[in-house]
Every structure is written in C-alpha cells, then in structure tokens.
Amino acid sequence: MNKALRRTVIAGNWKMNKTPDEAKALIEEMKPLVAGADCDVVLCVPYVDIPAAVEAAKGSNIRIGAENVHFKASGAYTGEVSADMLKAVGVEYVIIGHSERRQYFGETDQTVNLRTLAALNAGLKVILCVGETLEQRELGYTETLLKYQTKIGLTNVTAEQLKNVIIAYEPVWAIGTGVTATDDQADEGNGFVRAAVAEAYGADVAETVTVQYGGSMNAKNAEGLLSKVNVDGGLIGGASLKAPDFSVIVKAASK
Ligand code: PGA
C-alpha cells in the first residue's frame, strides 16, 4: 500500500450555509492560511455562492465545487442544475450522493450513478459519498453496504474516468454529530471502499484512487485520521465553515 500514489484532497462541504458575501469573506480569510498546501484544497458551496466563490478563489490554490448536480443535460426539471451549467460558471468538483441527499431527498444508488456519469462526461471531478447508518453497522452490514454503494455508484464509469473520481467514506452516524469514527474505523471503512474499487477495476487502479474520510473531522482529530494508510484526505462539514480550523486540517494533510 503506497499512499504516495494518490492525491490527498481536503474538501469543505458548506451545506446550506453562507450567502455570497459571506462566502467571499470566508474564502478571503482562508486563502493565506491554505496557500502552499501540499494537498488539493476544494470548497463545495451552495449554488448561489458559486460565482462569488470562484471570483474570490481566483489565483489561489482553492478549487470550487458544487454540492449536487442533476443527471440530465437540460429540460423540464424544475429546481435542478446541470453539469454543463456548473462547468460554465467555473465549478471543477461536485459532491454526489451525500448522505443528507440520500436521507432527505430520495437519492438512491442508481441516481447517484446517473449523476456521477453526467458529471464525469461534462468534465467535472466527482466526490462520490458512501457510508453506513448506525443501524447498518450494528447489524454487521458495513462492508457489504460500502462495497455495494461504491460499485453501483461507479457502474459504467471507465478506468480512465475513475481518475476524476474521489470517493468519500462518510459513516452517517458520524456526520454533524461530533462523534468521529476512530482512526482505525475510518481506515477500515476506507479500506472496504478501496477493496470494492479493486474488485471492479483491479488492485493497481485501486491503489491510485483517493478515498477521503468524512464525519466530524476537525482540527483536533484530523492528524490521526489522515495518518492512516487508507485515508487520503477529508470531506469536512462544520469545520470547513471556520477558516482557522479548516486550515489546521489542510496543514495536517500536508505533512
Ligand atoms: P461534518 O460533515 O464534518 O459536519 O460531520 C461532513 C459532511 O457531511 O461531509
């Protein structure tokens, strides 16, 4: 297992927070703090914040992402946004299949797969989220579920396209709860995801895929989580809304 084969990516997920003016201010505050990081730095922001965020991040090492994307190119889908639209306003990354989308908005592994294909075909980089609920973990389904979610999410994604896919293992019980997976639980979950990629694409490809951990990662626990061999970065919610905290995580990933 060679971590050096993979990009480390620290991505913020702002969720439904920040107006465009607030987004600009937060990015201005973050820019000097994350400059020169030895990892990729991404901020996924609400749709309406994208133009302000892209403008504020210009000339810095911060890349801007969206938090969802529709799978059709255009048409009668009220309230939705297409991959081409995101590309056109400077978006480079998109989160797909976040557990909050699955939980509150009827997202399924099949629609996650359709969104993933649409985003990749439009030239976006995808952060594909998978993760088990506490009940599923307690029933002993974690490995089966993570492998299933990973494989269905990646159906018809070619090995070439996979280079533009990051997978985020986010145990649902750890998201926004302050309960973080232990370093070993994160490593194990990420390992299940990588094993699923190996089953679908071969071990060599799996060695190169960035697998993030997400779920209450913060300035205090990031270093331990990121030290694990299977943890190639983080998807960060709450702590990405505070520049000092987020920059500590970015620095931990740069070690
Ligand atoms: P959290 O969110 O860091 O606030 O737990 C992580 C996520 O939802 O991606």
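Ala, Val, Leu, Ile, Met, Phe, Trp, Tyr, Cys and Pro count here as nonpolar, Asp, Glu, Lys and Arg as charged, and the others, Gly among them, as polar. You're working with a predicted model, where local features need pLDDT of at least 70, side-chain atom pairs count only at pLDDT 80 or more, and totals for chains, interfaces and linings use all residues. Residues are numbered from 1 along each chain as its sequence is written, and side-chain values use heavy atoms, with hydrogens and water left out.

**Exercise 1. Work out what lines the largest pocket, by class and by element.**

Step 1: get the terms straight. On a 1 Å grid over the protein atoms alone, a pocket is an open set of points with protein on both sides within 12 Å along at least five of seven lines, while a cavity is a set where a 1.4 Å probe fits but cannot get out; lining residues have an atom within 4 Å of a point. Points are joined across faces, edges and corners, and a volume is the space filled by probe spheres set on them.

Step 2: the largest pocket comes to about 440 Å³. It has 16 lining residues, and K15, M16, E67, R101 and F105 are the closest to its centre.

Step 3: sort the lining by class, and you get 7 nonpolar, 4 polar and 5 charged residues.

Step 4: look at the elements, taking helices (H or I, at least four residues) and strands (E, at least two) as DSSP runs numbered from the N terminus. Helix 4 (residues 99-104) gives the largest share of this lining, 3 residues.

**Exercise 2. Do the same for the second largest pocket: which elements supply at least two residues of its lining?**

Step 1: its volume is about 280 Å³. The lining has 18 residues, with L162, K163, N164, V165 and T208 nearest the centre.

Step 2: helix 8 (159-162), strand 6 (165-169) and helix 10 (203-208) each supply at least two residues. Helix 8 has the largest share, with 3.

Step 3: by class, the lining of the second largest pocket splits into 9 nonpolar, 3 polar and 6 charged residues.

**Exercise 3. Find the enclosed space: how many cavities of 30 Å³ or more does the structure hold, and what lines the largest cavity?**

Step 1: the structure holds 1 cavity of 30 Å³ or more. The largest cavity has a volume of about 40 Å³.

Step 2: its lining is made up of G97, S99, R102, C129, V130, G131, Q149, E170 and V172. Helix 4 and strand 5 (125-130) each put in at least two of the lining residues.

Step 3: that lining sorts into 3 nonpolar, 4 polar and 2 charged residues.

**Exercise 4. Explain why C39 is in no disulfide.**

Step 1: a disulfide is a pair of cysteine sulfur atoms within 2.5 Å. Apply that rule and the count is 0.

Step 2: the closest cysteine sulfur to that of C39 is in C44, 14 Å away, so the two are too far apart for a bond. C44 is in no disulfide either: its nearest cysteine sulfur, that of C129, is 8.8 Å away.

Step 3: check exposure, where buried means under 20% relative accessible area, exposed over 50% and partly exposed in between (1.4 Å probe, protein chains only). C39 is buried at 6%, and C44 is buried too, at 0%.

**Exercise 5. List the closest residues around the ligand, then its contacts with H98, E170 and G237.**

Step 1: a residue is near a molecule if one of its heavy atoms lies within 4 Å of it. The ligand has 13 such residues around it, the closest being K15, H98, E170, G176 and S216.

Step 2: a polar contact is a pair of N or O atoms within 3.5 Å; within protein, one must be able to donate a hydrogen and the other to accept it, and residues adjacent in sequence count only if both atoms are side-chain atoms.

Step 3: a ligand oxygen sits 2.6 Å from a side-chain N or O atom of H98. For E170, a ligand oxygen is 2.7 Å from a side-chain N or O atom. With G237, the partner is a polar backbone atom, 2.8 Å from a ligand oxygen.

**Exercise 6. Where do K18 and N156 lie, and what is phi in each?**

Step 1: K18 is in the loop between strand 1 (9-13) and helix 1 (20-34). Its phi is near 85°, a positive value in a residue other than glycine, and K18 is partly exposed at 31% relative accessibility.

Step 2: N156 is in the loop between helix 7 (142-153) and helix 8. Phi of N156 is near 70°, a positive value in a residue other than glycine, and N156 is exposed at 63%.
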